[in-house]
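Trainee: I'd like to go through this one slowly, asking how we know each thing as we go. Can you put it up for me?

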Amino acid sequence: MTLRILPPFLMVMAMTACSRADHEQEEAASPAQPEPAPDVAVSAAETTEHGGHQYSFGQPGDTTAATRTVTVTGGDDFKFHPAHLTVKTGETIHFSVKNTGVLPHEFMLGDAASQKKHAEMMKQMPGMVHADPNMLTLQPGEEKALIWKFTNAGKVEFACHVPGHYEAGMRGVVDVAD
Ligand SMILES: [Cu+2]
């Protein structure tokens, strides 16, 4: 694999240059068995993930491609309403998320691994404000939109990682059906 000898910043450029269609084909061909990557590719993948480019559970959606709007509320009862949602693979959802409480809350979409990673980060830096396309930080009364395209069948979670909220039950599930 010739990319292996490139320094990480060139790997990032090479990876971000891939077209959307390429990614979809790769994911469709081998959703569960990613090739073991050499160390340099792993660090490049993390860089692109932090840059908001690649996610294992879908991708930032285009507003005009949204097939429906789903209103989700979250409040100081530490629950999301609704807490369960079913979508089809390939569907783009416009989430309209409202914080109905007097405390700040989050709405973060992610697979189990990314939820865990973010929860640990929030414990270390509770005041941290995020600008990733898979999540919203909502002040009391605030309402924001998040557009997401679900590209892989399986379960995606949504959660609030303000310390203590997830443990209190502030989470939900999106079932992505074939
Ligand atoms: Cu919360």
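Mentor: Sure, let's start with a helix. Helices (H or I, at least four residues) and strands (E, at least two) are DSSP runs, numbered from the N terminus. The expected span of a helix is 1.5 Å times one less than its number of residues. Two ground rules: residues are numbered from 1 along each chain as its sequence is written. And this is a predicted model, so local features need pLDDT of at least 70, side-chain atom pairs count only at pLDDT 80 or more, and totals for chains, interfaces and linings use all residues.

Trainee: What makes the length of helix 4 agree with what a helix should span?

Mentor: Helix 4 covers residues 112-124, which is 13 residues, so at 1.5 Å a residue the span should be 18 Å. The C-alpha atoms at its ends are 19 Å apart, and that agrees.

Trainee: Which residues of helix 4 are called buried?

Mentor: Ser114, His118 and Met122. A residue is buried if 20 or more other C-beta atoms lie within 10 Å of its own, exposed if 12 or fewer, and partly exposed in between, with C-beta atoms placed from the backbone.

Trainee: How do you know that the buried residues line one face of helix 4?

Mentor: Look down the axis of helix 4: its buried residues fall within an arc of 70°, so they line one face. That arc is taken from the directions from the helix axis to the C-beta atoms. The face turned away from the buried side carries exposed residues: Ala112, Ala113, Glu120, Lys123 and Gln124.

Trainee: What do the buried residues of helix 4 pack against?

Mentor: They pack against strand 6, residues 105-110. Contact here is between two residues whose C-beta atoms, placed from the backbone, lie within 7 Å.

Trainee: Why is strand 6 called largely enclosed?

Mentor: 6 of the 6 residues of strand 6 are buried, so the rest of the structure largely encloses it. On one side sit His105, Phe107 and Leu109, on the other Glu106, Met108 and Gly110, and they are all buried. In a regular strand, side chains alternate between the two faces of the sheet.

Trainee: Which sheet holds strand 6, and what is the order of its strands?

Mentor: An open sheet of 5 strands, in the order 4-10-9-6-7, with mixed pairing. Strand 4 and strand 7 (135-138) are the edge strands, since each pairs on one side only. The twist from one strand to the next averages 15°. Helix 4 packs on this sheet, touching strand 6 and strand 9 (154-159), and its direction makes about 145° with that of strand 6. Those axes are lines fitted to C-alpha atoms, for helices over the stretch in contact, and angles run from 0 to 180 degrees between N-to-C directions.

Trainee: What makes strand 6 and strand 7 a pair?

Mentor: Two strands pair if DSSP finds at least two bridges between them. Strand 6 and strand 7 are joined by 4 bridges and run antiparallel, so they qualify. Two bridge partnerships are Glu106 with Thr137 and Phe107 with Leu136. Strand 6 also pairs with strand 9, antiparallel, over 3 bridges, where Met108 has Ala159 as its partner.

Trainee: And the other sheet: which strands stand at its edges?

Mentor: This open sheet of 5 strands has the order 1-8-5-2-3, again with mixed pairing. Strand 1 (59-60) and strand 3 (80-81) are at the edges, each with a single partner strand, so one side of each has no neighbour in the sheet. Strand 1 pairs antiparallel with strand 8 (residues 143-149) over 2 bridges, with Pro60 opposite Trp148. Strand 2 (residues 68-74) and strand 5 are parallel, over 7 bridges, while strand 5 and strand 8 are antiparallel, also joined by 7 bridges.

Trainee: Why is Gly90 called partly exposed?

Mentor: Gly90 has 16 other C-beta atoms within 10 Å, which falls between the cut-offs of 12 and 20, so "partly exposed" is the label. Gly90 lies in the loop between strand 4 (84-88) and strand 5 (92-99).

Trainee: How confident is the predictor about the chain, going by its mean pLDDT?

Mentor: pLDDT is the predictor's confidence in each residue, from 0 to 100. The chain's mean is 78, and 70% of its residues reach 70 or more. Over residues 1-50, though, pLDDT stays under 50.
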